[in-house]
Amino acid sequence: FLNANVYASPSAPVAGDYTLGPGDGLFIRISGAVDVEHRAVIERDGTVHIPRVGSVSLAGVRANAVEDTVRAAVSRVFRNFNLSVSLGQLRGITIYIVGQARRPGTYSVPSTSTAISAMFESSGPSLSGSMRRVQVKRNGKLLKEIDLYEFLGKGDKSSDVRLIDGDVIVMLPAFGFVALTGTLENQAIYELKGQGDTLGGLL
């Protein structure tokens, strides 16, 4: 289960609400009043230096606003120019996958990763681990509990969460299992989410 390597790659499309931070790369092209082609990486202080323009603060800026932010900085120096900004190599983050995981440990993943994509990267829960009670903890506190049946069965990612550096994914022990056989469309072994779980909650 979950043995596909489908975590987000640095070159994958980035959601508009992705927040830039130190280590993220950009390619900036300016033409017209000035010609600049510049590859930059956001420094630890959150800025990038653009030749003939100066330093621009980008840490905390969302991906869908980065071009407007750079445009505002360039317009303080030049007029009549064309501008394009694209994201390049994105920073990595370190997360921890523990509990009843098939491959527990420390993982370095792209900063675009979510809890579900990270679980694919780790090959998911062990045979005794739960797919229905996967916890994401941040700063020692429970952030979200995810039921993978909702994603695997219905494609519902509404409970997924984007990870940040230091997040911990805890795969809890499975509560129990039930085997369904006979004249059923989906004969399989299903995990019970908890005491009192019904067939309707499994299928």
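Two sheets and a buried aspartate

Modeller: In this predicted model, an open sheet of five strands runs in the order β7-β6-β10-β8-β9, with mixed pairing. Strands are DSSP runs of E with at least two residues, helices are runs of H or I with at least four, and both are numbered from the N terminus.

Biologist: What makes β7 and β9 the edge strands?

Modeller: β7 (105–110) and β9 (141–146) each pair on one side only. Two strands pair if DSSP finds at least two bridges between them. Neighbouring strands of this sheet are turned by 30° against each other on average, direction ignored. Axes here are lines fitted to C-alpha atoms, for helices over the stretch in contact, and angles run from 0 to 180 degrees between N-to-C directions.

Biologist: How do you know that β8 pairs with β10?

Modeller: Count the bridges. Five join β8 (residues 129–138) to β10 (residues 168–173), and pairing needs at least two, so the strands pair. They run antiparallel. V136 has I169 in β10 as its bridge partner.

Biologist: Why is D160 called buried?

Modeller: Buried means under 20% relative accessible area, exposed over 50%, partly exposed in between (1.4 Å probe, protein chains only). D160 has 14% relative accessibility, so D160 counts as buried. This residue is in the loop between α3 (148–154) and β10.

Biologist: What makes the D160 and T114 side chains a polar contact?

Modeller: The distance is 2.7 Å. A polar contact is a pair of N or O atoms within 3.5 Å; within protein, one must be able to donate a hydrogen and the other to accept it, and residues adjacent in sequence count only if both atoms are side-chain atoms. Leaving aside neighbours within four places in sequence, D160 is in contact (heavy atoms within 4.5 Å) with T114, A115, I116, K144 and I146.

Biologist: What is the order of the three-stranded sheet?

Modeller: That open sheet is β2-β1-β5, with antiparallel pairing. β1 (residues 25–32) and β2 share six bridges. R29 stands opposite E37 in β2. Helix α1 (residues 66–75) lies across β1 and β5, at about 140° to β5.

Biologist: Where is the pLDDT below 50?

Modeller: Over residues 1–11. pLDDT is the predictor's confidence in each residue, from 0 to 100. Where it is low, the predicted coordinates should not be read in detail. The chain mean is 84, and 80% of residues reach 70 or more.

Residues are numbered from 1 along each chain as its sequence is written, and side-chain values use heavy atoms, leaving out hydrogens and water. Local features need pLDDT of at least 70 and side-chain atom pairs 80 or more, while totals for chains, interfaces and linings use all residues.
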